[in-house]
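Trainee: I keep getting lost when helices pack against each other. Could you take me through one such place slowly, and then show me a few loop residues as well?

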Amino acid sequence: MKMNWYPEGAGIRSRVMPYLLILMGLASHLSTALMSTVMGIGAIILLFDIVRHREALLAGRWDAQMGKVLVIFAVTLFVSAAFSLERGRSFHEAVSTLFSMLPFFLALFYVRSWRLAAAIVGAFAVSAFLNDLWAALQVYFHLNFGWGNRPVGFSKSPTFLGSFMLMTIPVLFLVPAHLFSRLPWKVFCWGCSIFSIVVLFLTQTRGAWIAFFGTVIVLVLLEVRYRKVCLVGLIVLLMACMTAFHEYPEYYTRAGQTLDPQFQSNTERVLMWKAAVQIFADHPIVGIGQDEFGLVYNRDYISLQAKERPVDPNNPRSGHGHPHNNLLKVLSERGLVGIAGFLLVHGFVLLQLYRAFRWAKNPNTYMFAFAAILVFVGVQMEGLTDTNLQISQIARTYWFLLGLCFAAAQMEEV
């Protein structure tokens, strides 16, 4: 039986892209290599369709305002790279940043039916479940990957795993309510969302913990109709955390380290933040260039008080490569030009998400927009203590989910 992924009259002829998007959902938590391969194939198909079916592809999905924002953002990236200390390295990083945004446009242009949206979310849920299961097994069997008893799942660190949980929880908690007609799929997605909360706790990633509660507060503030239910849920969640802290003192100790001014991880972050501000003060317009923080910080700006220094004293890049803050990384590496582009593109995305959420008539659109806002808030809040958007696996999934929401906003009447 041939699956009809597009509504009648959509004008989209690609029969391969829907399966690539489903595969991207499946690869999101599991494999950066598979995601890259699918994105490469998708880019070729997208270019072909732009040449052959431009009007059908872009109709209702692209406007001049979005185009201007993207062009301005790209220009700021390449301007900063042009004045970099190592132009080749920075231009490569600029291209990588734009490539990481490709899933946004693949989802935006090709997701034209709720059937396809449901298939993608289902694949995403399976991917999340396998990631959560592997992370839980790592804790249960005390598999040490250099992080003590902190799981990494299919990511490279507990911090990265925490970022994935921040994206997974709201999507699988909100979206399935009206998207799936079959109860087993709803229950599976809701179960994965709860499982992801447990895994988030197990990661011991303090920045992700703070960001999670920040997203819950945003949920309570935005969800007017079920605010009392949300408040009850928040209270239950806090009680569960308190019980877990009581039963597992090491997690309570980890939480207590968040505001400890003497804890080394905290003091090192503060020193890096101060250094990033000083780098910006010395290079205010275009910064030092993308991916140059590690070189400049460890060579010229590292504090005498810093204990976390390059492993190889002769190689500055063997130390910290980012200041554990998205905004300060952009500010130090791209200057005022770069931070303007960063705030423009992300501000535009958040504004469009809020408009879709505020004016949605279709319950599916409402839930997708709501989930995407929480994904945005979670990732950006964690980005105040960890530079998460420089990780390609995280950035690609982040843009993929936001693109899926933008596509949902165009399917009110479909």
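Mentor: Sure, and keep in mind that this is a predicted model. Start with helix α14, which covers residues 264-282, and look at how α14 sits against α16: their axes come within 8 Å and cross at roughly 10 degrees. Angles under 35 degrees count as roughly parallel, so α14 and α16 are roughly parallel to each other. The crossing also has a hand, and for α14 and α16 that hand is left.

Now zoom in on the side of α14 that does the touching. W273, A276, V277, I279 and F280 are the residues there, and from α16 they meet L328, L331, S332, G335 and L336. Sort the residues of this contact by class and you get eight nonpolar, two polar and no charged ones.

Next, bring in α15, which spans 293-301. Along α15, the residues F293, G294, L295, V296, Y297 and N298 are buried. And what lies over them? The cover on the buried residues of α15 includes the two helices you've just been looking at, α14 and α16.

From α15, follow the chain into the loop that leads to α16 (326-359), and you'll come across H324. Here's a fun one to check on the backbone. Most residues other than glycine have a negative phi. H324 isn't a glycine, yet its phi is positive, at about 60 degrees. Is H324 buried or exposed? Buried means under 20% relative accessible area, and H324 has 11%, so H324 is buried.

There's another histidine to put beside it. H142 is in the loop between α7 (114-140) and α8 (158-174). H142 has a positive phi too, near 55 degrees, and again the residue is not a glycine. The surroundings are another matter: exposed means over 50%, and H142, at 58% relative accessibility, counts as exposed. So you have two histidines in loops with positive phi, with H324 buried and H142 exposed.

One last stop, again in a loop. S84 is found between α4 (64-82) and α5 (87-100). With a relative accessibility of 5%, S84 counts as buried. Which residues does S84 touch, leaving out those up to four places away in sequence? They are S90, I288, G289 and E292. Find S84 in the model, then pick out those partners around it one by one.

Methods:
Residues are numbered from 1 along each chain as its sequence is written. This is a predicted model: local features need pLDDT of at least 70, side-chain atom pairs count only at pLDDT 80 or more; totals for chains, interfaces and linings use all residues. Side-chain values use heavy atoms; hydrogens and water are left out. Helices (H or I, at least four residues) and strands (E, at least two) are DSSP runs, numbered from the N terminus. Buried means under 20% relative accessible area, exposed over 50%, partly exposed in between (1.4 Å probe, protein chains only). Contact means heavy atoms within 4.5 Å. Axes are lines fitted to C-alpha atoms, for helices over the stretch in contact, and angles run from 0 to 180 degrees between N-to-C directions. Angles under 35 degrees count as roughly parallel, over 145 as roughly antiparallel, 65 to 115 as roughly perpendicular and the rest as oblique. A crossing is left-handed if the near helix is turned anticlockwise from the far one by less than a right angle, and right-handed if clockwise. Ala, Val, Leu, Ile, Met, Phe, Trp, Tyr, Cys and Pro count as nonpolar, Asp, Glu, Lys and Arg as charged, and the others, Gly among them, as polar.
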